[in-house]
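Okay, thanks everyone for coming. I'd like to walk you through one model today, so have a look at this and then I'll talk.

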Amino acid sequence: MQAEHIFRDPTAQHLAFAIFGQGATGVDFFFVLSGFVLTWSARPGTQARTVWRRRAAKVVPNHVVTWVIAVGGMIFLDPRGVSAVSSVVGLFLLQAWVPAQSVYYAGNTPAWSLSCEMAFYFAFPCYSCW
């Protein structure tokens, strides 16, 4: 957990952990809920390619804009702190496949969850496709 280390005061650190400490549970719940909703709303006979195209149309445009803003801001603030390889891996939402914090948190840090989602979409496009 990173948020509690922002503050020097032990009370503020404890409060930050109390507020943000269970964030990972919320992400896990979102993954499960999202998978349920996508499976429940799938139409019989929908091809995997159609599912992938629809999900990419929803996720990728916002991700690319956010990635450009995040990486552009980091380059503006300190170009030495930006890894080109890690940033490009993040652009293509592949960062969750690299087991190193310097990669999966590079660029647009919250996009690691999108990387996981894209892996889920490819692994389980829809229950009726099979």
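Quick word on terms: when I say helix, I mean a DSSP run of H or I with at least four residues, and a strand is an E run of at least two, with numbering from the N terminus. With that, the order of elements from the N terminus reads α-α-α-α-α-α. So that you keep it in mind throughout, this is a predicted model.

Let's start with the whole chain. We have 6 helices and 0 strands. What about the overall dimensions? The C-alpha atoms fit a box of roughly 55 × 35 × 25 Å along the principal axes. The radius of gyration is 18 Å, where a compact globule of 130 residues would come in near 14 Å.

How much of the chain is buried? Of the 130 residues, 26% are. The accessible surface adds up to about 9,300 Å², and carbon and sulfur atoms own 69% of that. As for contacts, take the ones between residues at least 6 apart in sequence: 49% of those join residues at least 24 apart.

Charges, briefly. I count 8 positive and 5 negative side chains in the chain, and the centres of the two sets are 22 Å apart.

Now let me zoom in on H4, which covers residues 84-91. Which residues of H4 are buried? Ser86, Ser87 and Gly90. They span an arc of only 100 degrees around the axis, so they sit on the same side of H4. That fits the textbook picture: an α-helix has 3.6 residues a turn, so residues three or four places apart point the same way.

And what do those buried residues of H4 pack against? Two partners here: helix H3, residues 48-77, and helix H5, residues 101-104. Flip over to the face turned away from the buried side of H4, and you find the exposed residues Ala84 and Val85. Then, following H4, there's Leu93, with a positive phi, near 55 degrees.

Last stop, Ser41. Where does Ser41 lie? In the loop between helix H2, residues 23-40, and H3. Buried, exposed, or something in between? Ser41 has 48% relative accessibility. Exposed would need over 50% and buried under 20%, so Ser41 counts as partly exposed. From Ser41 to Trp112 you go 71 residues along the sequence, and C-alpha to C-alpha the pair is 25 Å apart in space.

That's my tour. Happy to go back to any part of it.

Key: Residues are numbered from 1 along each chain as its sequence is written. This is a predicted model: local features need pLDDT of at least 70, side-chain atom pairs count only at pLDDT 80 or more; totals for chains, interfaces and linings use all residues. Side-chain values use heavy atoms; hydrogens and water are left out. The radius of gyration is taken over C-alpha atoms; the globule rule is 2.2 Å times the number of residues to the power 0.38. Buried means under 20% relative accessible area, exposed over 50%, partly exposed in between (1.4 Å probe, protein chains only). Contact means heavy atoms within 4.5 Å. Accessible areas come from the Shrake-Rupley method with a 1.4 Å probe; for residues, only the protein chains shown count as cover. Lys and Arg count as positive and Asp and Glu as negative; His and the chain ends are not counted. The place of a charge is taken as NZ of Lys, CZ of Arg, CG of Asp or CD of Glu. The arc is that of the directions from the helix axis to the C-beta atoms.
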